[in-house]
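Open the model in a viewer and keep the sequence panel beside it. The stops below go from the whole chain to single elements.

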Amino acid sequence: MREGIVSEKGSFSMLKLLGWMCLPIPYFIYQIMLRMREQKERQFLQGKVVLITGASSGLGESLAHVFYMAGCKVVLSARRKDELERVRKDLLECYSTTPTHPPVVVPLDLTDVNSLPEKVAGILNIFGRIDILVNNGGISVRSDVLSTSVDVDIKVMLVNYFGAVALTKAILPHMIKRQEGRIVFVSSVQGKFAIPQRSAYAASKHALQAFGDSLRAEVDEHNIRVTVISPGYINTALSLNALTGTGAAYGKVDSTTSTGANPDEMATDILKCILRDSKDVILAPITPKIAHFLRYFCPPLYFWIMARRAVKLAAEKEKES
């Protein structure tokens with residue numbers, strides 16, 4: 001009798017072990033399917049017209065490289081024409097032996113929302129279509145709510161939100177007419193949760209997230225896909241070019257930024273998300289993902305942590321001054 005009980009316990013333990021071993025199998029199957037889709041879709045990128053905002057530096061420049069390498073017809077857009085020309089020259093020189101289409105430079109200012117339809121019309125006159133819009137242009141802020149002028153709040157919203165919205169609306173009718181297209185919003189983990197000293201930036205990214213979610217539902221029937229990417233810190237000049245509460249340039253590189261993700265690697269990951277038809281993706285280390293989890297599943301703890309962080313940042317700011 002005792003031997004029978006021991007035998008049953010052993011069998012049950014073996015079944016539990018087998019069960020735990022089988023748990024990862026669906027995940028691996030799913031990952032294999034994603035990779036197969038990625039490889040299949042990559043061949044269709046050849047000749048696609050891709051408009052990238054904020055392409056004069058940082059992540060936008062890296063995105064230009066990955067799309068150009070994939071054989072796309074890349075349209076480089078940003079305010080600084082000289083920097084766009086530099087990126088264009090780099091693309092032509094770096095991949096001189098690769099059969100590609102010469103990049104096109106279209107300077108634009110996202111804060112001048114009324115001029116964007118004309119810019120889009122110019123691109124359509126050249127290529128006849130825009131297959132993929134990558135809303136990447138943006139600006140950040142380093143200031144507490146009380147010290148941030150409303151003019152700075154407005155400017156950040158214009159660049160990060162209204163500019164992307166206006167550009168999307170200018171292109172959308174043409175995508176609907178063709179019943180095809182992809183719209184990408186490069187948001188931020190701060191569009192998922194807000195942190196101290198980033199109120200204007202986080203608000204603009206939250207708005208972008210909401211706009212992308214609504215748009216995705218509305219254009220699905222037209223075969224237009226919407227992808228919202230929420231990266232963590234990236235090693236670019238974002239903090240260097242950020243605004244202070246008065247609107248002046250912050251002029252410093254934060255330690256979080258300098259130790260952030262490599263923009264080339266981030267651009268490659270973003271392209272993978274597009275090829276896999278990902279709808280909403282956080283591309284960040286574990287810490288921001290934990291913060292995102294806490295914000296929605298344990299708000300009191302999240303609020304307590306953010307309050308402590310606000311005190312710490314205020315003390316550091318006072319010490320610097």
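Among contacts (heavy atoms within 4.5 Å) between residues at least 6 apart in sequence, 74% join residues at least 24 apart. The model is a predicted one, in which local features need pLDDT of at least 70 and side-chain atom pairs count only at pLDDT 80 or more, while totals for chains, interfaces and linings use all residues. Residues are numbered from 1 along each chain as its sequence is written, and side-chain values use heavy atoms, with hydrogens and water left out.

Color by secondary structure: the protein has eleven helices and seven strands. These are DSSP runs numbered from the N terminus, with helices (H or I) of at least four residues and strands (E) of at least two. Of the 321 residues, 44% count as buried, where buried means under 20% relative accessible area with a 1.4 Å probe, protein chains only. Switch on the surface: about 17,200 Å² is exposed, and carbon and sulfur atoms supply 60% of that area. Accessible areas come from the Shrake-Rupley method with a 1.4 Å probe.

**Strand E5 and its neighbors**

Select residues 181-186, strand E5; six of its six residues are buried. Show side chains. In a regular strand, these alternate between the two faces of the sheet. Here Gly181, Ile183 and Phe185 point one way, and Arg182, Val184 and Val186 the other.

Add residues 132-135, strand E4, which runs parallel to E5 and is joined to E5 by four bridges. Strands count as paired if DSSP finds at least two bridges between them. Valine 134 has valine 184 of E5 as its bridge partner. Then add residues 150-178, helix H6, which completes a right-handed β-α-β unit with E4 and E5. Right-handed means that, with the strands pointing away from the viewer, the path from the first strand over the helix to the second runs clockwise.

Next select residues 224-231, strand E6, paired with E5 in the parallel sense over six bridges. Glycine 181 is opposite isoleucine 224 of E6. With helix H7 (residues 199-219), E5 and E6 form a right-handed β-α-β unit.

**Helix H9**

Which residues of H9 are buried? Select Pro263, Met266, Ala267, Ile270, Leu271, Cys273, Ile274 and Leu275. At the N-terminal end, asparagine 262 caps H9, with a side-chain oxygen 2.7 Å from the backbone nitrogen of aspartate 264. The end C-alpha atoms of H9 (residues 263-275) are 18 Å apart, in agreement with the 18 Å expected for 13 residues at 1.5 Å a residue; the expected span is 1.5 Å times one less than the number of residues. Finish at aspartate 277, just after H9, with a positive phi of about 60°.

Terms used: Buried < 20%, exposed > 50% of the residue type's maximum accessible area, 1.4 Å probe, protein only. Polar contact = N/O pair within 3.5 Å; in protein donor to acceptor, adjacent residues only side chain to side chain.
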